[in-house]
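Trainee: I have a protein model open and I'm not sure how to read it. Could you walk me through some features?

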Amino acid sequence: QTRNGKMNAASMVKTSVDMVKEKLINKDQALRRIQAEQLEQLLHKTIDQNKAKGFKQITKGIAASPGAASGIAVFDVKKATTMGENGTKIILVREETKPEDVPAFFAAAGILTSRGGKTSHAAVVARGMGKPCIVGCSDLKIDYDNGKCVADGQTINEGDTITIDGSSGGIFLGEMPTIQPQITDDFKTILDWSQKTKKIGVRANADTPDAAKLARKYGAQGIGLCRTERMFNAKDRIGLFVDMIMAKTLDERNAVLEKLKQLQKSDFIEILKAMEGYTVTIRLLDPPLHEFLPNPEELANKIYKLEKENSTAGLEQTKTILNRARDLAEINPMMGHRGVRLGITYPEIYRMQIIAVFEAAAELANQKVDARPQIMIPQVSSIAELNHIKRIYDEIKSEIEQKYKQKLKIDFGTMLEVVRACLTAQELADTAEFFSFGTNDLTQATFSFSREDAEGKFLPEYLEKELLEKSPFQSIDENGVGSLMKIGIAGGRKIKPKLEIGICGEHGGDPSSIKFCYKSGLSYVSASPHRIPIAIVAAAQAVLEKPQKTSKKSKKKAKKKSKR
């Protein structure tokens, strides 16, 4: 059996290994016949299609994080968190999610939203956790006040059991039978062959010690993106982070930041231990501060209800938070007060994070742990911005080295996710010790598409009418975004020929994007932990598909040898 058109991933992996054992094909041929994208079937729960006939699909959204999950529909974040922590299987159903909702993600079996695209908050967080997620289900009309939602005339009340299939985007009534994932010995063999064949590094996007351990188990060799803001999402921290945002004076803010520093440092220590011997790229705070506060509309509704009931409990506090949320609200947050701009206007935040990284590294060095952190600045558009933060970094480096009486090697680099950064990469390379492309934001900026809106509103029609072959948020747009990347690579390596350059956007787990990255000469790709096996196989296939061009000199040498 060599035809692979209708084989599922498990069969494909098994037959490929069996055929090598029987000497019908070699290892390279075995790797070539694997469909990397299909390997997700082996890593997540899937719906048992043999038993799925009696279940009705209510509606469909955008498949944002693979796997199948069943649970009772819950619309309230606090209720979902409590129920999930008490052992109830729940599906969190929201219009959209924010960082303050993340405690409910930990407790939920799956996440369903009526808004957003594949790179929206819900999608990215769920993928990082390996939880099934469907986003952008525009048919779903949610009524929070009455605890229900309606789709295609069908009502789902809070407490009703539903099943979501994050691999297809389907939403079903009832609890559908699922098949547990199995990592077989044959699958491990395929991964082993791929590791030995690939030439581009594969790192993970991981923000917790557990995610780092899982990524390493799957074969990741380092972390290409550790999002520090995710560490503030935990139940014991989000309140502290909100206190920091609400602080009225610098002294108040610094007092809260000192508490947050201890928490960040302990996280860094555990993540660096989990990835001992490998690089861990720690990105400083990126999202705008308003994302950590409740939605102003929800706050206004809460105030209206409290006033209607003549209740004073929490009324003034809610009004204060609403005023702050309105102060911080932005017309276009994607291009607003975020990333390096936050570090410049609130230097105490970046200062706290840089100290936490250096102290974690120093303490691990004393324990003889081979920790290799590096610090990455997001949303940089100019050398002036990068140098401004570098001065803070240099001051802290000097302070911590004196305090711990040791030299610390922590590289300082930048993301290339702003168009201007790609165009001026030659300037940035004077200061930066590494580059990492943030292709999610770079794609938004290049197309002038809002990732939160495009996938739910007009991208499906673009694909249907063949105006686009693939969603640019799924696979790198080689002509546009790819051209900017090539400018950035050439500019950086003109100044530093051995400059490490990676990619840490969601494209890092997409097989066709990985092939483009390999051909473009990138040092590594970085993907969410559950996509690491896919990335490893795709990286091997990139080598087998098209070996990188040899220089004219090496071709001449080869000719001379053949003449001899």
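Mentor: Sure, let's begin with a word we'll need a lot: a residue is called exposed when its relative accessible area is over 50%, and buried when that area is under 20%. Keep in mind that this is a predicted model.

Trainee: Okay, is Lys-23 buried or exposed?

Mentor: Lys-23 has a relative accessible area of 76%, so it counts as exposed. Lys-23 sits in the loop between helix 1 (9–21) and helix 2 (27–33).

Trainee: What is unusual about the phi of Lys-23?

Mentor: The general idea is that most residues other than glycine have a negative phi. Lys-23 is not a glycine, yet its phi is positive, about 60°. Lys-368 has a positive phi too, about 65°, and is not a glycine either. You'll find Lys-368 in the loop between helix 13 (347–366) and strand 17 (372–377). With a relative accessible area of 73%, Lys-368 is exposed. One more for your list is Ser-448, just after helix 17, with a positive phi of about 60°.

Trainee: Next, the chain itself. Into which domains is it divided?

Mentor: There's domain 1 (51–179), domain 2 (198–288 + 335–545) and domain 3 (296–328). The C-alpha centres of domain 2 and domain 3 are 36 Å apart.

Trainee: And how do I read the inside of the protein?

Mentor: Here's the general idea: in soluble globular proteins, nonpolar side chains tend to be buried together. In this model, the largest nonpolar core has 129 residues, and Ile-377 and Phe-437 have the most contacts inside it. Helix 13 gives the most to this core, 12 residues. Domain 2 and domain 3 each supply at least three residues to the core.

Trainee: Which residues does Phe-437 touch?

Mentor: Leaving aside residues up to four places away in sequence, its partners include Leu-416, Leu-442, Met-485, Ile-501 and Leu-522. There is also a second, separate core of 20 residues, with Val-74, Ala-80, Ile-111 and Ala-122 among them.

Trainee: What about helix 17: which of its residues are buried?

Mentor: Helix 17 covers residues 439–447, and its buried residues are Thr-439, Asn-440, Asp-441, Leu-442, Thr-443 and Gln-444. The elements covering them include strand 18, helix 15 (419–423), strand 19 (434–437) and helix 20 (481–495).

Trainee: Now the rings. How many aromatic pairs are there?

Mentor: A search of the whole structure finds 8. To sort a pair, look at the angle between the planes: under 30 degrees is stacked, over 60 is edge-to-face, and the rest are tilted. Take Tyr-393 and Phe-412: the ring centres are 4.9 Å apart and the planes are at 50°, so this pair is tilted. Tyr-393 is in helix 14 (residues 383–404) and Phe-412 is in strand 18 (residues 411–416), so the pair ties together parts 19 residues apart in sequence. Both Tyr-393 and Phe-412 are buried.

Trainee: Then what kind of pair do Phe-449 and Phe-458 make?

Mentor: Their centres are 5.1 Å apart and their planes are at 75°, so that pair is edge-to-face. Phe-449 has 12% relative accessibility and counts as buried, whereas Phe-458, at 30%, is partly exposed. Ring pairs also join Phe-447, Phe-449, Phe-458 and Tyr-462 into a cluster.

Trainee: Which charged residues lie over the face of a ring?

Mentor: Two examples: Arg-203 lies over the face of Tyr-524, 3.8 Å from the ring centre, and Lys-390 lies over the face of Phe-412, 5.9 Å from the ring centre.

Trainee: And how do I read a polar contact? Which side chain does Arg-253 meet?

Mentor: You look for N or O atoms within 3.5 Å of each other, where one can donate a hydrogen and the other can accept it. The side chain of Arg-253 makes such a contact with the side chain of Glu-348, at 2.8 Å. Arg-253 belongs to helix 9 (residues 250–274) and is buried, with a relative accessible area of 10%.

Trainee: Where is Arg-115 found?

Mentor: Arg-115 is in the loop between strand 6 (110–113) and helix 5 (121–129), and it is partly exposed, with a relative accessible area of 40%. Its side chain makes a polar contact with the side chain of Glu-96, at 3.4 Å. Arg-115 and Glu-96 are 19 residues apart along the chain, with 5.6 Å between their C-alpha atoms.

Terms used:
Residues are numbered from 1 along each chain as its sequence is written. This is a predicted model: local features need pLDDT of at least 70, side-chain atom pairs count only at pLDDT 80 or more; totals for chains, interfaces and linings use all residues. Side-chain values use heavy atoms; hydrogens and water are left out. Rings of Phe, Tyr and Trp (its six-membered ring) pair if their centres lie within 6.5 Å; planes under 30 degrees apart count as stacked, over 60 as edge-to-face and the rest as tilted. Helices (H or I, at least four residues) and strands (E, at least two) are DSSP runs, numbered from the N terminus. Buried means under 20% relative accessible area, exposed over 50%, partly exposed in between (1.4 Å probe, protein chains only). A charge sits over a ring if NZ of Lys or CZ of Arg is within 6 Å of the ring centre and within 35 degrees of the ring normal. Domain bounds come from an automatic or database domain assignment. A nonpolar core is a set of buried Ala, Val, Leu, Ile, Met, Phe, Trp, Tyr and Cys residues joined through side-chain atoms within 4.5 Å. Contact means heavy atoms within 4.5 Å.
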